[in-house]
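Take a moment with the sequence and the model before reading on. This report walks through one chain, then turns to its partner.

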Amino acid sequence: MVITWGMLMSIGAIIRRKETTTLLFLVPAVIVLLDYCTGIGNQTANALVGWASALAMFAYLLGGIALFRYHVNRIRKRKADEWQQSIIVLVSFIALLLIALIPDTKSLYDYLFANLVTPIQTAITAYIGFYAYTIFYRACGKVKSLETAVLIGATILGLLFNASAATSMWPILADVGVWIRDVPNNAAVRAMTIGIGLGIIQLFVRTMLGLEKAYLGETGA
Amino acid sequence: MLLILIALVFFAIRKASQGKVPKIRSFPAIEAIPEAIGRAAEMGKPIHMSSGFAGLHDASAPMTIAGLAILSHVAEEAARRGVPMRYTVALSHLVPVVEELMKSACARAGRPEMYNPDTIYYVGETQNAFMAAAMGFIYRERPAASFLFGATFYETVTVLGSAAVVGAFQIAGTPRVFYQPYLITTCDYTLLLDELYAAAAALTKKPQDLGSIAGLDYSKFLSLIFIALGTILSTAGLAWWNALLRW
């Protein structure tokens, strides 16, 4: 049988139909849900989860193309103060890719990873601590309501509770900290988790009915 | 229980599509989106958007879907006003989805020429690269507004923190429990916890979508009844109830 361009277009049109995409979402979702709740269809559900991960891997290629397109465009347009960085990105990307692909270069790859990539990643991660404290400092300047004051007070107690020097000096802080963590905090987190779970159920039903299409690159607007 | 909750949402959507449309309160965070983009248009500066370091392939998918729905609304508003955008993404499978989303948002705004593939900046699959790219853009371009909606992880701290430093108008929302304090302390408007799901549904103002929000409220009410009933029965120490809980 000869596959014509027209046939391919027809298949494409069927795949793009709202009903097809909803079915592609619904069938695996029901199988995985059934397995989670009852244990029925465990093997099929596991296979489907595996397929999803495998399909996501194919997307790396798309990501690579997007990355190249973006940086090549920046270099081509000589965007002020940025095109030099794009050269560094592309050279690093190609160099690490080649080193990973060439046989017997594992030691060089490991060396670059341990001495270049890891320190850079550690440095970027350190920003989190810095920003967490600056955000807390900003919040201190924004105390305009009782709720914010309670939040700031609880944060200060939480900070002191986690600092061993503070709990050594004032042992009562340990009791207060444990109470805040186990009683009001735990109760609030449980309530939030129930709310989030119900939100997910609502989104599931909306997707099942084809009302939610953001995951297809469309919106219901 | 799950089936009952699903049935409740179904029932609410069906009721709304039959004409009994529920009244839903407005979401200040959604109402403020045009204001934030208008500010960017007046200042002649771009806006920054992101749905965080999560995709459609794991348990965070529902949050990402809700985040993308709101970001599409942001993109449409930005295209309408001719405001340049930047969407930072760290998961390759989101690239084609966001491309389509942006393209259709620009088309809906009547400005298809506003779509530029370079708007979407894929940074690689690591969270640190994502944080560095987002912070770099925010400090270099000093966007007038920053939007962060979805399943956000510890990049929340750096994105919100750097946007606060440059004085960007910030609107953000995530159901992730541990990042709620960061949202409250840095953003001008927020969508806390399950509000993100409700806001995503409320964007279109279609009866079915509004019905699904009412369904969410019904299910919350039912859960509260079950919690109260469970507390009373557990406190009473009834043998059959304790046996049922152990089962």
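Start in a loop. Leu193(B) is found between β6 (189–192) and α9 (195–202) of chain B. Its backbone has a positive phi of about 50°, although Leu193(B) is not a glycine. Is Leu193(B) buried or exposed? Leu193(B) counts as buried, because its relative accessibility is 13% and the cut-off for buried is under 20%. Keep in mind that this is a predicted model.

A second residue also has a positive phi without being a glycine: Arg142(B), at about 45°. Its place is the loop between α6 (127–141) and β4 (145–149) of chain B. Arg142(B) is partly exposed, with a relative accessible area of 39%.

**The chain as a whole**

Now step back. Chain B has eleven helices and six strands. Its C-alpha trace spans about 65 × 40 × 30 Å along the principal axes. Of the 247 residues in chain B, 58% are buried. Now take the contacts in chain B with a separation of 6 or more. Residues 24 or more positions apart account for 71% of them.

**Strand β1 and its surroundings**

Strand β1 of chain B covers residues 47–50. Which way do its residues point? Ile47(B) and Met49(B) point one way, while His48(B) and Ser50(B) point the other way. All four are buried. The general rule is simple: in a regular strand, side chains alternate between the two faces of the sheet.

β1(B) pairs with strand β2 (residues 85–89) of chain B. The pairing is parallel and runs over four bridges. In β2(B), Thr88(B) is the bridge partner of Ser50(B).

Look more closely at Ser50(B). Its relative accessibility is 0%, so Ser50(B) counts as buried. The side chain of Ser50(B) reaches the backbone nitrogen of Gly52(B) at 3.1 Å. Leaving out residues up to four places away in sequence, Ser50(B) touches Leu71(B), Tyr87(B), Thr88(B), Phe130(B), Phe147(B), Leu148(B) and Phe149(B).

Helix α6 of chain B holds Phe137(B). Phe137(B) is buried, with a relative accessible area of 6%. How far apart are the C-alpha atoms of Phe137(B) and His48(B)? They are separated by 8.2 Å, although the two residues are 89 residues apart along the chain. Beyond its neighbours within four places in sequence, Phe137(B) is in contact with Pro46(B), Ile47(B), His48(B), Arg86(B), Arg142(B) and Pro143(B). That list brings back Arg142(B), the loop residue with the positive phi.

**Helix α10**

Helix α10 of chain B covers residues 207–236. Two of its residues are Ser219(B) and Leu233(B). Leaving aside neighbours within four places in sequence, Ser219(B) is in contact with Leu198(A), Leu5(B) and Leu8(B). One of those contacts, Leu198(A), belongs to chain A. With the same kind of neighbours set aside, Leu233(B) is in contact with Leu238(B), Trp240(B) and Trp241(B).

The table collects some buried residues.

| Residue | Place in chain B | Relative accessibility |
|---|---|---|
| Ser50(B) | strand β1 | 0% |
| Ser219(B) | helix α10 | 2% |
| Phe137(B) | helix α6 | 6% |
| Leu233(B) | helix α10 | 17% |

**Where chain B meets chain A**

The contact to Leu198(A) leads on to the interface. Here 72 residues of chain B are in contact with 57 residues of chain A. The area buried between the two chains is about 5500 Å². Carbon and sulfur atoms give 71% of that area. Which three residues supply the most on the side of chain B? They are Asp118(B), Thr185(B) and Tyr197(B), which supply 11% of the area that chain B buries against chain A.

Polar links cross the interface too. Seven residue pairs are in polar contact between chain B and chain A. Two salt bridges are found across the interface. Asp118(B) forms a salt bridge with Lys77(A), with the closest N and O atoms 3.7 Å apart.

Which element gives the most to the side of chain B that touches chain A? That is α10(B), with nine residues. The residues on this side of chain B divide into 42 nonpolar, 18 polar and twelve charged.

How values were computed. Residues numbered from 1 in each chain as written. Chains lettered and ligands numbered in written order. Predicted model: local features only at pLDDT ≥ 70, side-chain atom pairs only at ≥ 80, totals over all residues. Heavy atoms only, no water. Buried < 20%, exposed > 50% of the residue type's maximum accessible area, 1.4 Å probe, protein only. Contact = heavy atoms within 4.5 Å. Polar contact = N/O pair within 3.5 Å; in protein donor to acceptor, adjacent residues only side chain to side chain. Buried area = accessible area lost by both parts, 1.4 Å probe. Salt bridge = Lys/Arg side-chain N within 4 Å of Asp/Glu carboxyl O. Nonpolar A, V, L, I, M, F, W, Y, C, P; charged D, E, K, R; others polar. Pairing = 2+ DSSP bridges.
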